[in-house]
Amino acid sequence: AAPAPGGGTQLPPGARLVPQDTSSSTCALAVVHMVWQPSAKHGGFSQDVCFVATDAGGGCGGAAPGSTTYCVRVSVARCRYALQRDEQLQDIAAQFGMDWIRLWSLNLQVAHPDFVVNAGQQLSVGHLYRSGSRRDMPDAIARRMGMSAELLRDLNFDVDLSAPLELGQELCVVPDSCRGAARSALSSIGFAANVAAAGSNQNPVPAAG
């Protein structure tokens, strides 16, 4: 894998290329697989990965030397987690900085919290939040949701804590009703002003009280 003229990037963090056995082939064939298992902190990861294949020529049919580039988009869903063998809710909750009760409440399809779930089954590990203002700051959203900025970053690989979000940009959040803001920024008197601010460069109006 290598950068390509189209803007592709290198392998995802921790990915590797694994050559495959081609001893049974009648031609000088090379097969390489990219192997990557995203971690719990890769939600929101998305980038192009480009591969360059080069042929020295000769071999089967006397092919001429040449090379080709092929790019694919590699993306990891935000707020989703694919279970590994024998994992339980308590194990997964600890990875995402929450208790098992909050994780269970996000997954109504799990009938009992002590059931051993199947490997590969997907769970929700948070709520998708869509920015309503061009001036939304990630750390302010974390405080409003009652979660740490570190957890917000861990759940959103692509987030820059020091930069405002784009209008409509998605984040994975894990609200904590005991620690989050008691009032919405769009409640009561601030509602009309914030509707107007959402489409401008203004900051949302804080809720009264």
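Helices and strands are DSSP runs, numbered from the N terminus, with at least four residues for a helix and at least two for a strand. On this basis the protein chain has 5 helices and 8 strands. The model is a predicted one. Along the sequence, the elements follow the pattern β-β-β-β-β-α-α-β-β-α-α-β-α. The chain has 209 residues, and 29% of them count as buried. Its accessible surface comes to about 12600 Å². Carbon and sulfur atoms account for 54% of that surface. Among contacts between residues at least 6 apart in sequence, 60% join residues at least 24 apart.

The interior was examined next. In soluble globular proteins, nonpolar side chains tend to be buried together. Here the largest nonpolar core has 27 residues. I92, F96, M147 and V173 touch the most other members of this core. Four elements give two or more residues to it: helix 1 (89-95), helix 3 (138-145), helix 4 and strand 8 (170-173). Another core, of 6 residues, lies apart from it. Among the members of that second core are A15, F45, V49 and V74.

V173 illustrates the contacts made in the largest core. Leaving out residues up to four places away in sequence, V173 touches C79, G126, H127, Y129, I141, M145, M147 and L152. Two of these partners, I141 and M145, are buried residues of helix 3. P138 and A142 are also buried in helix 3. The four residues cover an arc of only 105 degrees around the axis, so they lie on the same side of helix 3. The buried residues of helix 3 pack against strand 7 (127-130), helix 4 and strand 8. Helix 3 is followed by G146, which has a positive phi, near 75 degrees.

C79, another partner of V173, sits in the loop between strand 4 and strand 5 (80-82). With a relative accessible area of 6%, C79 is buried. Most residues other than glycine have a negative phi. C79 is not a glycine, yet its phi is positive, at about 70 degrees.

Charged pairs were then considered. The structure holds 7 salt bridges. In one of them, the side chains of K41 and D154 meet at 3.9 Å, N to O. K41 lies in the loop between strand 2 (32-35) and strand 3 (46-55), and D154 lies in helix 4 (residues 149-155), so the pair ties together parts that are 113 residues apart in sequence. Both ends of this bridge can be placed by accessibility. K41 is partly exposed, at 48% relative accessibility. D154 is partly exposed as well, with a relative accessible area of 26%.

A further salt bridge joins the side chains of R73 and D48, at 2.8 Å, N to O. R73 belongs to strand 4 (residues 66-75) and D48 to strand 3, so this pair ties together parts that are 25 residues apart in sequence. R73 has 51% relative accessibility. The cut-off for exposed is over 50%, and R73 therefore counts as exposed. D48 is partly exposed, at 24% relative accessibility.

The side chains of D99 and R102 also meet in a salt bridge, at 3.7 Å, N to O. D99 is partly exposed, with a relative accessible area of 36%. R102 is partly exposed too, at 21% relative accessibility.

The surface also carries nonpolar side chains. W100, I101 and W104 form a nonpolar patch there. Together these residues have about 280 Å² of accessible area. W100 is found in helix 2 (residues 100-105). At 33% relative accessibility, W100 counts as partly exposed.

Toward the start of the sequence, strand 1 (residues 16-19) contains R16. R16 and H33 are 17 residues apart along the chain. Their C-alpha atoms are separated by 8.3 Å. R16 touches H33, and its other contacts are L11, M34 and V35, not counting residues up to four places away in sequence.

Note on methods
Residues numbered from 1 in each chain as written. Predicted model: local features only at pLDDT ≥ 70, side-chain atom pairs only at ≥ 80, totals over all residues. Heavy atoms only, no water. Salt bridge = Lys/Arg side-chain N within 4 Å of Asp/Glu carboxyl O. Buried < 20%, exposed > 50% of the residue type's maximum accessible area, 1.4 Å probe, protein only. Core = buried A, V, L, I, M, F, W, Y, C linked by side-chain atoms within 4.5 Å. Contact = heavy atoms within 4.5 Å. Arc of directions from axis to C-beta. Patch = residues over 30% accessible without salt bridge, like charges linked within 9 Å, V, L, I, M, F, W, Y side chains within 5 Å. Areas by Shrake-Rupley, 256 points an atom, 1.4 Å probe, with all protein chains shown as cover.
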